[in-house]
Amino acid sequence: MKKRLLSGLLAAVMLFAMIPGVSAAAEDESEVAQVLAALDIMVGDDNGNLNLSNNVTRAEFSKLAVASSTMRDSVGDMVSVSPYPDVPQSHWAASWIKAAVDLDLVKGNLQGYFEPDRSITLAEGVTIVLRLLGYQDTDFTGVWPAGQMAQYKALKLDEGITATQNSAMTRRDAMYLIYNTLIAKNTSGVYYLNVLEPGMVNSEGKVDRVALINSAMEGPVVAEGDWQSKVPFSLSNATVYRSGKESTLSSVQNLDVVYWSKSMRTIWAYTNKVTGTYEAASPTASSPTSLTLAGKTYDIETTSAAYDLSNLGAYKVGDSLTLLLGRDGGVAAVRSLSQATTTTIYGMVLSATPTIYQDSNGNDYTSNSLLIYATDGNQYTYPVDDTNLKAGALVRVTPQGTGVEIKRLSTSTVSGKVNADATKIGTTPLADDVEIIDVYTGTTPTAAKVYPSRLAGMTIKDSMVAFSLTNANGEISRLILKEATGDMHAYGLISTATNVDSELLVSYGNYVFDVYGTTYSYYNSGKVFNVSEGPCQIQGTSINSAGLSVDKLASLTKVNLDSYSGDQALSADNKTYAIAENVAVYLYQDRTYYYRSLSTIDSASYTLTGYYDKPSSEGGRIRVIIATAN
């Protein structure tokens with residue numbers, strides 16, 4: 001049906017409709033329609049409209065049934081003979097009806113006609129899908145369709161369907177009937193969708209929608225030049241996702257990596273890029289499947305990227321490159337520094353490390369390697385001669401000839417309350433394409449990308465802003481915040497805290513803490529954090545050859561919670577608190593803490609205690625939740 005790509009997980013934040021599905025009774029029709037579109041079963045008209053309130057004809061349902069069968073990839077556009085007197089070779093559905101006949105899914109009437117344009121009844125549709133599941137007409141006793149309708153209910157194929165036995169089905173009814181068939185077991189006891197797409201339904205009968213949509217995606221193509229012509233459908237009314245969020249076609253930027261699904265009329269644009277020095281190819285330079293760039297190894301996703309990085313391609317070891325990363329984090333395409341760095345980049349230096357590189361002739365040379373976290377959320381590595389740029393410096397990277405110029409940023413601030421729809425800070429508007437990061441400039445600098453909605457309702461003070469840039473319209477286009485949200489820090493739970501701070505003894509701190517399910521031990525002579533056991537914020541954490549380094553451990557503020565819903569929690573005294581996207585949740589049981597996901601904690605069954613870094617109005621969030629069984 002489609003070219004299958006290497007499967008991989010989309011970011012969990014990609015879209016809510018991609019989470020693993022449940023039965024049709026609990027799903028809305030858009031989610032059911034998404035599954036059928038991903039399978040190229042029901043895709044709508046030229047504008048993607050499904051026209052669900054229209055009745056479905058016998059010809060249309062025959063196509064749906066065959067598209068749901070094991071013959072779905074082998075139906076051609078033409079047939080050599082007319083399958084029925086009233087279905088000539090020129091009929092749009094002739095090949096589908098012929099396939100349905102060959103599969104013994106459909107039959108004509110007593111006069112030998114098919115009646116392709118007559119609305120199909122529910123009983124007829126049920127009979128067809130039961131044949132898909134392997135049932136024979138002889139399996140049912142009594143007068144048709146009594147036995148078929150009884151099995152229809154027994155298999156729960158009726159979820160979401162309003163048509164009655166002898167009434168015409170709407171396209172909505174047909175959509176639910178096909179979907180319910182896909183997640184039903186056939187006569188061999190196998191979930192039917194797993195016959196078509198192995199592994200797409202788990203043991204509980206739930207569809208792995210992420211894997212299904214991954215399998216429907218084709219591409220990629222790099223967004224440059226006339227890239228839209230390479231996508232096999234008009235994008236004028238396509239659904240667009242960029243960086244995991246629903247967006248618009250105009251938001252797709254130069255050098256984004258784009259995938260598509262024609263049946264879903266959807267494109268996905270990925271923005272991740274890495275820049276640095278090409279250090280090595282593996283397993284061989286003649287046929288690389290991965291490469292090392294700036295000390296990190298990346299798998300190569302496409303044949304074109306593999307060729308470009310081979311000894312036959314344009315790029316050699318020692319070159320400064322930008323890798324365009326695809327949906328799985330693999331290399332989808334390669335561009336030279338001058339091709340990729342077409343606009344000025346703003347960001348913070350995460351690290352500045354003297355690094356030994358090897359040029360194309362195999363000669364070693366040393367250069368200062370700057371790892372920069374940019375306002376677009378990507379990380380870039382540049383070899384530079386300047387040894388004065390250190391970790392924590394705010395910089396501007398400007399294209400210059402075949403290379404770049406890197407300079408420190410001068411401070412510029414903005415202040416005011418962010419309005420409810422996050423379009424202004426005070427009276428200064430935010431540009432539609434504004435890029436925002438929040439940075440921590442301690443011993444181990446860290447940064448996090450921030451979306452405008454994250455700042456809604458916050459009061460931004462001058463002290464929270466490290467740099468701002470306005471465009472020609474007076475709108476903020478780039479913004480570097482300074483510990484405004486706390487999102488760049490890690491959060492977890494201290495299980496052991498020893499603080500020795502004395503004039504008579506050697507001061508030291510000894511701590512054991514868990515961060516999102518991983519336990520760390522930290523000892524430092526002379527550094528005491530004066531924190532107690534319990535939920536905490538961890539600032540400036542790094543793990544390297546010298547061991548674990550921590551700038552600071554800080555306790556959080558406690559609040560007793562009554563319940564939570566989505567990203568909001570209600571306290572016992574009826575106050576609302578925002579929950580962090582990466583909230584750390586621990587189940588306390590038998591005097592032991594177990595790391596859990598929030599979705600596994602039912603607030604009706606547990607006593608919940610939340611811990612926040614600062615009030616929501618100041619950008620704070622509930623960072624840790626401890627659940628104790630009632």
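**Figure 1. Helix α4 passes helix α6 in a right-handed crossing in this predicted model.** The two helices shown are α4, formed by residues 122-132, and α6, formed by residues 171-182. Their axes come within 11 Å and cross at roughly 25 degrees. Angles under 35 degrees count as roughly parallel, and α4 and α6 are therefore described as roughly parallel to each other.

**Figure 2. Helices α2 and α4 pack with their axes 11 Å apart.** The angle at which α2 and α4 pack is about 20 degrees. The two helices are therefore roughly parallel to each other. The crossing in which α2 passes α4 is right-handed.

**Figure 3. Asp40 has a positive phi although it is a residue other than glycine.** The phi value of Asp40 is near 60 degrees. Asp40 is placed in the loop between α1, which covers residues 29-38, and α2, which covers residues 58-67.

**Figure 4. Two peptide bonds that lead into proline, Trp144 to Pro145 and Gly219 to Pro220, are cis.** In the bond from Trp144 to Pro145, omega is near 5 degrees. Pro145 is found in the loop between α4 and α5, the latter being residues 146-154. In the bond from Gly219 to Pro220, omega is near 10 degrees. Pro220 belongs to strand β1.

**Figure 5. Five strands form an open sheet with mixed pairing, in the order β1-β4-β5-β2-β3.** The edge strands are β1, residues 218-222, and β3, each of which pairs on one side only. On average, neighbouring strands of this sheet are turned by 30 degrees against each other, direction ignored. At one end of the order, β1 pairs with β4, residues 257-261, in the antiparallel sense over three bridges. One pair of bridge partners is formed by Val221 and Val258, the latter in β4. The cis bond from Gly219 to Pro220 can be examined in this view as well, as Pro220 lies in β1.

**Figure 6. An open sheet of five strands has the order β25-β24-β23-β26-β29, with antiparallel pairing.** Strands β25, residues 518-525, and β29, residues 552-555, stand at the edges; each has a single partner strand, so one side of each is left without a neighbour in the sheet. From one strand to the next, the twist averages 40 degrees. Within the sheet, β23, residues 490-500, runs antiparallel to β24, residues 508-515, and eight bridges join these two strands. Ile494 has Phe513 in β24 as its bridge partner. Strands of a sheet pair through backbone hydrogen bonds, either parallel or antiparallel.

**Figure 7. Strand β13 pairs with β12 in the antiparallel sense and with β6 in the parallel sense.** Strand β12 covers residues 364-374 and pairs with β13 over six bridges. Asn368 stands opposite Val384, which lies in β13. The two strands form a hairpin with four residues between them. In the turn of this hairpin, Gly377 has a positive phi of about 90 degrees. The pairing of β13, residues 379-384, with β6 extends over two bridges. Val274 has Gln379 in β13 as its bridge partner.

**Figure 8. The second largest pocket holds about 1200 Å³ of space.** The pocket is lined by 41 residues, and the closest to its centre are Arg242, Ser251, Gln253, Asp433 and Glu435. The lining divides into 13 nonpolar, 16 polar and 12 charged residues.

**Figure 9. Several strands contribute to the lining of the second largest pocket.** At least two lining residues come from each of β3 (245-247), β6 (273-282), β11 (345-358), β18 (428-440) and β19 (446-450). The largest share is supplied by β18, with six residues. Two of these contributors appear in earlier views: β3 is an edge strand of the sheet in Figure 5, and β6 pairs with β13 in Figure 7.

Key. Residues numbered from 1 in each chain as written. Predicted model: local features only at pLDDT ≥ 70, side-chain atom pairs only at ≥ 80, totals over all residues. Heavy atoms only, no water. 1 Å grid on protein atoms, 1.4 Å probe; cavity = no way out; pocket = protein on both sides within 12 Å on 5 of 7 lines; lining within 4 Å. Points joined across faces, edges and corners; volume = space filled by probe spheres on them. Nonpolar A, V, L, I, M, F, W, Y, C, P; charged D, E, K, R; others polar. Pairing = 2+ DSSP bridges. Axes fitted to C-alpha atoms, helices over the stretch in contact; angles between N-to-C directions. Parallel < 35°, antiparallel > 145°, perpendicular 65-115°, else oblique. Left-handed = near helix turned anticlockwise from the far one by under 90°.
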